[in-house]
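Here's a quick briefing to read alongside the structure. Have the sequence open too, and let's go through it topic by topic.

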Amino acid sequence: GLELQLSYTLRHQHPVEYTVPIQLPVINQVFGTSRAVKISPNSPVARLRPVSGKYMLGEVVAVRVPLLHLSNFQINDWPELSTKRYALMVLMLPSDSARQWHVHELELVEVVADQVAVALSHAAILEESMRARDLLMEQNVALDLARREAETAIRARNDFLAVMNHEMRTPMHAIIALSSLLQETELTPEQRLMVETILKSSNLLATLMNDVLDLSRLEDGSLQLELGTFNLHTLFREVLNLIKPIAVVKKLPITLNLAPDLPEFVVGDEKRLMQIILNIVGNAVKFSKQGSISVTALVTKSDTRAADFFVVPTGSHFYLRVKVKDSGAGINPQDIPKIFTKFAQTQSLATRSSGGSGLGLAISKRFVNLMEGNIWIESDGLGKGCTAIFDVKLGISERSNESKQSGIPKVPAIPRHSNFTGLKVLVMDENGVSRMVTKGLLVHLGCEVTTVSSNEECLRVVSHEHKVVFMDVCMPGVENYQIALRIHEKFTKQRHQRPLLVALS
């Protein structure tokens with residue numbers, strides 16, 4: 001916008017490295033009209049003409065040429081009204097002739113200028129279109145590359161999770177089971193300490209694996225809540241029964257306070273709710289060396305903690321609020337926002353040698369969000385304990401009223417000690433370690449166990465003496481449900497002797 005570059009001359013197809021300021025009076029004169037204008041041969045824009053011999057300089061005429069670009073063509077906007085960009089076409093008569101520009105020649109120049117404007121505009125629009133096409137192609141290539149990289153990453157992650165889910169968890173469960181069996185044998189104090197350490201470490205690793213698998217499913221959206229009716233009061237008591245042995249060793253009393261109006265039977269994901277409560281109460285026990293822990297459950301009517309979270313109870317559901325208060329080491333207020341970040345451990349927590357992975361609260365937060373709730377932590381600082389609070393949405397079960405009216409037991413009685421002594425059992429599993437673990441656990445219960453490693457061997461060995469057949473459903477290459485059908489067919493005539501089939505994953 002500040003200067004004109006004189007770019008090409010007739011019969012001379014090389015760029016001319018020569019520019020003139022756009023504010024020259026002669027340029028303003030030409031740009032101010034659509035007509036062809038005679039200008040001085042000594043004008044800066046006419047300097048390209050070679051001066052040779054003693055002839056007079058030829059006459060020079062200049063005319064403006066409108067330049068249109070793709071951006072000039074707007075809806076309801078005629079290009080002529082929006083363009084303010086011009087090229088300058090300069091025509092020079094030979095210096096060795098006495099010719100002059102005539103009126104009809106100037107009119108012809110104006111027509112030529114219009115045609116040149118059309119040609120240049122078409123070229124400019126074509127250039128911009130081709131540039132846009134090339135840019136679009138580059139973007140498409142980049143998007144295709146990003147898509148393939150994402151698909152590769154997803155496949156890699158899924159392969160890793162499949163290996164972690166089966167190939168890593170299977171031996172880990174074997175270590176836990178065999179260590180548990182070894183614990184019940186006669187051991188020296190040193191051996192017992194080593195076995196207990198193996199068991200404790202294995203359980204920590206198994207928990208970490210489960211947490212990573214849960215987190216992956218939560219992040220890719222494949223984890224869905226499994227809704228069902230369950231006894232909420234019993235769930236809290238079960239959590240305390242699981243936590244109490246650790247708390248007793250640390251001499252931490254735990255109290256449970258259930259509000260009088262808390263429904264007994266509710267609709268929700270019992271397993272995930274228990275996982276949330278276990279995580280939070282487990283943290284309270286883990287990070288408390290003395291004092292006490294209280295767990296309070298009530299029906300919440302309002303929430304002022306989060307601006308984007310509103311409790312709206314209806315006749316079909318309510319919001320459960322759980323508060324877990326401990327007198328442990330507490331948290332720095334500035335560390336609280338990081339507490340729900342996966343794999344993050346605040347400095348105050350990291351120095352306590354807790355052995356945590358930094359996943360428990362991150363997973364709990366995602367479960368709470370799935371249940372349309374909110375979770376937060378309150379603490380006055382280090383050494384002052386903390387309170388973890390969460391709200392989740394639960395359905396109200398019709399069984400609540402029924403159980404209050406009827407005097408029948410809510411849960412069918414299960415015999416405490418079942419007698420499996422002498423029970424003949426067949427175990428089919430391709431994995432030798434899993435076979436040994438399953439056999440060890442069943443023998444510990446008093447069963448007489450036969451093991452096989454293939455479907456064909458299972459069909460050949462199974463007989464009416466076997467009351468139960470444990471079948472690994474993950475064996476490669478064979479549809480185990482077909483094997484189950486063939487076992488059923490084998491006992492068609494003696495249905496009462498057909499064994500109970502139990503699938504193992």
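F31 is buried, since its relative accessible area of 15% falls under the 20% cut-off. Y86, at 22% relative accessibility, counts as partly exposed. Keep in mind that this is a predicted model.

**The aromatic pair**
- There's one aromatic pair in the structure.
- The rings of F31 and Y86 sit with their centres 5.3 Å apart and their planes at 40°. That makes the pair tilted, because planes count as stacked under 30 degrees and as edge-to-face over 60.
- F31 belongs to helix α1 (residues 25-31), while Y86 is in strand β5 (residues 86-92).
- The two residues are 55 residues apart, so to speak a link between distant parts of the chain.

**Helices α3 and α10**
- If you're after helix packing, look at helix α3 (residues 103-183) against helix α10 (residues 432-444): the angle is about 30° and the axes are 9 Å apart.
- The crossing of α3 and α10 is left-handed.
- On the α3 side, the contact is made by T170, A174, A177, L178 and L181.
- On the α10 side, the contact residues are V433, S434, M436, V437, G440, L441 and H444.
- Sorted by class, the residues of the α3 and α10 contact come out as eight nonpolar, four polar and no charged.

**Helices α6 and α8**
- Helix α6 (residues 270-286) and helix α8 (residues 360-370) cross at roughly 145°, and their axes come within 9 Å.
- The crossing of α6 and α8 is left-handed.
- From α6, the residues R272, Q275, I276, N279, I280 and N283 take part. They meet G360, L361, I363, S364, F367 and V368 of α8.
- The class split for the α6 and α8 contact is six nonpolar, five polar and one charged.

**The chain overall**
- Counting secondary structure, the protein chain has 12 helices and 16 strands.
- The protein chain has 505 residues, and 37% of them are buried.
- Of the contacts in the protein chain with a separation of 6 or more, 69% are between residues 24 or more positions apart.
- About 31,000 Å² of the protein chain is exposed, with carbon and sulfur atoms supplying 57% of that area.

Conventions:
Residues numbered from 1 in each chain as written. Predicted model: local features only at pLDDT ≥ 70, side-chain atom pairs only at ≥ 80, totals over all residues. Heavy atoms only, no water. Axes fitted to C-alpha atoms, helices over the stretch in contact; angles between N-to-C directions. Helix = DSSP H or I, 4+ residues; strand = E, 2+ residues; numbered from the N terminus. Left-handed = near helix turned anticlockwise from the far one by under 90°. Contact = heavy atoms within 4.5 Å. Nonpolar A, V, L, I, M, F, W, Y, C, P; charged D, E, K, R; others polar. Buried < 20%, exposed > 50% of the residue type's maximum accessible area, 1.4 Å probe, protein only. Areas by Shrake-Rupley, 256 points an atom, 1.4 Å probe, with all protein chains shown as cover. Phe/Tyr/Trp six-rings, centres within 6.5 Å; stacked < 30°, edge-to-face > 60°.
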